[in-house]
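Please find below my notes on this model, set out as numbered points. They follow a few residues and strands that I looked at in turn.

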Amino acid sequence: QVQLVESGGGLVQPGGSLRLSCAASGRWFSINAMGWYRQAPGKERELVAVMASGGSTNYADFVKGRFTISRDNAKNTVYLQMNSLKPEDTAVYYCNTEGRRNSWTNIRAYWGQGTQVTVSS
């Protein structure tokens, strides 16, 4: 059973920091990209940051310079360090992983259950 387990969300004041973690448990043949998306109330889900297996990254413009994505391939875990948080960063943050469970299956996307991040004074 493949599962993405997220942790690290919570309530933080503006200007504060949080670190999200997402561990992809279960058996994997290969994992390609790992990343984070977010969805605020009444808005569509949007990309925050993604990292390929080779280490290249892509960030949304609204987090550049504030958020940093990293991953530990040995642990199949991706992290999101969020600094200088703003109230508009408030959203449910979802972990996303693209990979194969077996050599004969297609690459597909898997989603975590989401973790709430609230930035408020």
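**Notes on the predicted model**

1. Leu20 has a relative accessibility of 0% and therefore counts as buried. This is a predicted model, and Leu20 has its place in strand S3. Setting aside residues up to four places away in sequence, the residues that Leu20 touches include Trp36, Val78, Tyr79, Leu80 and Met82, as well as Tyr93, Thr115 and Val117. For one of these, Val117, the separation along the chain is 97 residues, while the C-alpha atoms of Leu20 and Val117 are separated by 9.4 Å.

2. Thr115, one of the residues touched by Leu20, is found in strand S11, which covers residues 115-119. Its relative accessible area is 12%, and because buried means under 20%, Thr115 is classed as buried. When neighbours within four places in sequence are left aside, Thr115 is in contact with Glu6, Gly9, Leu20, Ala91, Val92 and Tyr93. Gly9 deserves a separate remark, since its backbone nitrogen lies 3.4 Å from a polar atom of the Thr115 side chain.

3. Which strands are joined to S8 by six bridges? One is strand S3 (residues 18-25), which runs antiparallel to S8, with Ala23 standing opposite Thr77. Another is strand S7 (residues 67-72), also joined to S8 by six bridges in an antiparallel arrangement, and here Ser70 stands opposite Tyr79.

4. Strand S8 itself spans residues 77-82, and five of its six residues are buried, so the strand is largely enclosed by the rest of the structure. The hairpin formed by S7 and S8 has four residues between the strands, and within this hairpin Asn76 takes a positive phi near 50 degrees.

5. How many disulfides does the model contain? The count comes to one disulfide, formed by Cys22 and Cys95, whose sulfur atoms are 2.0 Å apart. The pair links distant parts of the chain, with Cys22 in strand S3 and Cys95 in strand S9 (residues 91-100), 73 residues apart. Both Cys22 and Cys95 are buried. The torsion about their S-S bond is about -80 degrees, so the disulfide is left-handed.

6. Taken together, these points return to strand S3, which holds Leu20 and also Cys22 of the disulfide, and which is joined by six bridges to S8. On the S8 side, Val78, Tyr79, Leu80 and Met82 are among the residues that Leu20 touches.

Note on methods: Residues numbered from 1 in each chain as written. Predicted model: local features only at pLDDT ≥ 70, side-chain atom pairs only at ≥ 80, totals over all residues. Heavy atoms only, no water. Helix = DSSP H or I, 4+ residues; strand = E, 2+ residues; numbered from the N terminus. Buried < 20%, exposed > 50% of the residue type's maximum accessible area, 1.4 Å probe, protein only. Polar contact = N/O pair within 3.5 Å; in protein donor to acceptor, adjacent residues only side chain to side chain. Contact = heavy atoms within 4.5 Å. Pairing = 2+ DSSP bridges. Disulfide = S-S within 2.5 Å.
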